[in-house]
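Please open the model in a viewer and keep the selection tool at hand. The tour below proceeds from the whole chain to individual sites.

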Amino acid sequence: MADESPQEIRAEALESILIEKGLLTAEAVDDVITRYSEQVGPMNGARLVARAWVDPQFKKQLLTDATSVVKSFGFEGGQVEKLVVVENTNKVHNAVVCTLCSCYPWAVLGLPPKWYKDPAYRSRIVMEPRQLLSEMGVRLGHHVDIQVWDSSAEIRYMVLPMRPSGTQHLKEEQLAELVTRDSMIGVEVLPGKPS
Ligand code: FE
């Protein structure tokens with residue numbers, strides 16, 4: 001295929017050599033791809049968020065010891081050996097970055113988006129968070145403090161977004177469907193529903 005990137009060509013070449021040498025099977029590769037597209041992803045984080053919105057006791061646990069909570073859910077994907085969940089409120093907006101590279105809680109958010117690894121995002125969210133967030137569609141009043149959390153190999157962060165207005169009648173499963181990946185990184189505010 002003519003429009004493949006050099007990385008894609010390299011990955012394919014590597015894959016076929018490993019399969020040819022008997023070090024890897026095509027089924028194993030397919031299994032990993034299926035796992036990351038169907039079982040590991042932001043739908044896992046969304047389940048935690050929706051539960052926290054409807055269950056104050058669970059929310060308290062999630063905010064005090066997310067690592068144990070995530071362990072009890074048994075999500076695959078890893079990268080959550082130490083997870084901290086930070087809560088957005090009317091007064092504080094949290095956003096997550098890895099200034100050093102691309103540390104990210106795979107088990108709850110899946111694989112990181114391209115922009116998360118971009119040097120521009122990694123520096124600007126620290127240097128000028130209000131400006132960058134507004135460019136990404138999050139316009140915060142000046143009474144709202146912004147806290148930026150720097151993920152690392154030791155500790156990963158996830159944002160608990162605010163529950164959108166007009167969703168009082170929704171059940172936990174329906175609420176989970178409203179939660180986006182970006183809202184759990186802190187670069188999106190979930191829109192309210194007309195009630
Ligand atoms: Fe990193």
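**Overall layout**

The domain assignment divides the chain of this predicted model into domain 1, residues 6–37, and domain 2, residues 41–185. Colour these two ranges separately; their C-alpha centres are 31 Å apart. Then display the C-alpha trace of the entire chain, which occupies a box of roughly 60 × 35 × 35 Å along the principal axes.

Switch next to a cartoon representation. The chain contains 10 helices and 4 strands, and their order along the sequence is α-α-α-α-α-β-β-α-α-α-β-β-α-α. If the cartoon is coloured by relative accessibility, 37% of the 195 residues fall in the buried class.

**Stop 1: the loop at Thr25**

Select Thr25, in the loop that links α1 (6–20) to α2 (26–39). Is this residue buried or partly exposed? Thr25 is partly exposed, because its relative accessible area of 42% lies between the limits of 20% and 50%. Add Ala28 to the selection: a polar atom of the Thr25 side chain is 3.0 Å from the backbone nitrogen of Ala28. For a longer view, select Phe75 as well; Thr25 and Phe75 are 50 residues apart along the chain, and their C-alpha atoms are separated by 24 Å.

**Stop 2: strands β1 and β4**

Select residues 156–160, which form strand β4. Why may this strand be described as largely enclosed by the rest of the structure? The description holds because 5 of its 5 residues are buried. Show the side chains: Arg156, Met158 and Leu160 point one way from β4, while Tyr157 and Val159 point the other way. Both groups are buried.

Now add residues 83–87, strand β1, which pairs with β4 in the parallel sense over 5 bridges. To inspect one position in this pairing, select Val86 together with Val159, its bridge partner in β4.

**Stop 3: Asn94 in strand β2**

Move to residues 92–97, strand β2, and select Asn94 within it. Asn94 counts as buried because its relative accessible area is 2%, and the limit for that class is under 20%. What lies 2.9 Å from a polar atom of the Asn94 side chain? The atom to select is the backbone oxygen of Glu87.

**Stop 4: the iron site**

Finally, select the iron ion and the residues that coordinate it. The donors are Cys98 (SG), Cys101 (SG), Cys103 (N) and Cys103 (SG), at 2.1 to 2.5 Å. Cys103 thus contributes its N as well as its SG atom. Along the chain, the donors follow the spacing C-x2-C-x1-C.

How is the geometry of this site classified? The angles among the 4 donor atoms run from 81 to 133°, and the site is irregular. The value of 81° explains why the tetrahedral label does not apply, since that label requires all angles to lie between 85 and 135 degrees.

Compare the surroundings of two of these cysteines. Cys101 is partly exposed, at a relative accessible area of 34%, whereas Cys103 is buried, at 10%. As a last check on the cysteines, a disulfide search over the whole structure returns 0.

Note on methods: Residues numbered from 1 in each chain as written. Predicted model: local features only at pLDDT ≥ 70, side-chain atom pairs only at ≥ 80, totals over all residues. Heavy atoms only, no water. Donors = N, O, S within 2.8 Å, 3.2 Å for Na, K, Ca; no water. Tetrahedral: all angles 85-135°; square planar, octahedral: opposite > 155°, others 65-115°. Buried < 20%, exposed > 50% of the residue type's maximum accessible area, 1.4 Å probe, protein only. Domains from an automatic or database assignment. Helix = DSSP H or I, 4+ residues; strand = E, 2+ residues; numbered from the N terminus. Pairing = 2+ DSSP bridges. Disulfide = S-S within 2.5 Å. Polar contact = N/O pair within 3.5 Å; in protein donor to acceptor, adjacent residues only side chain to side chain.
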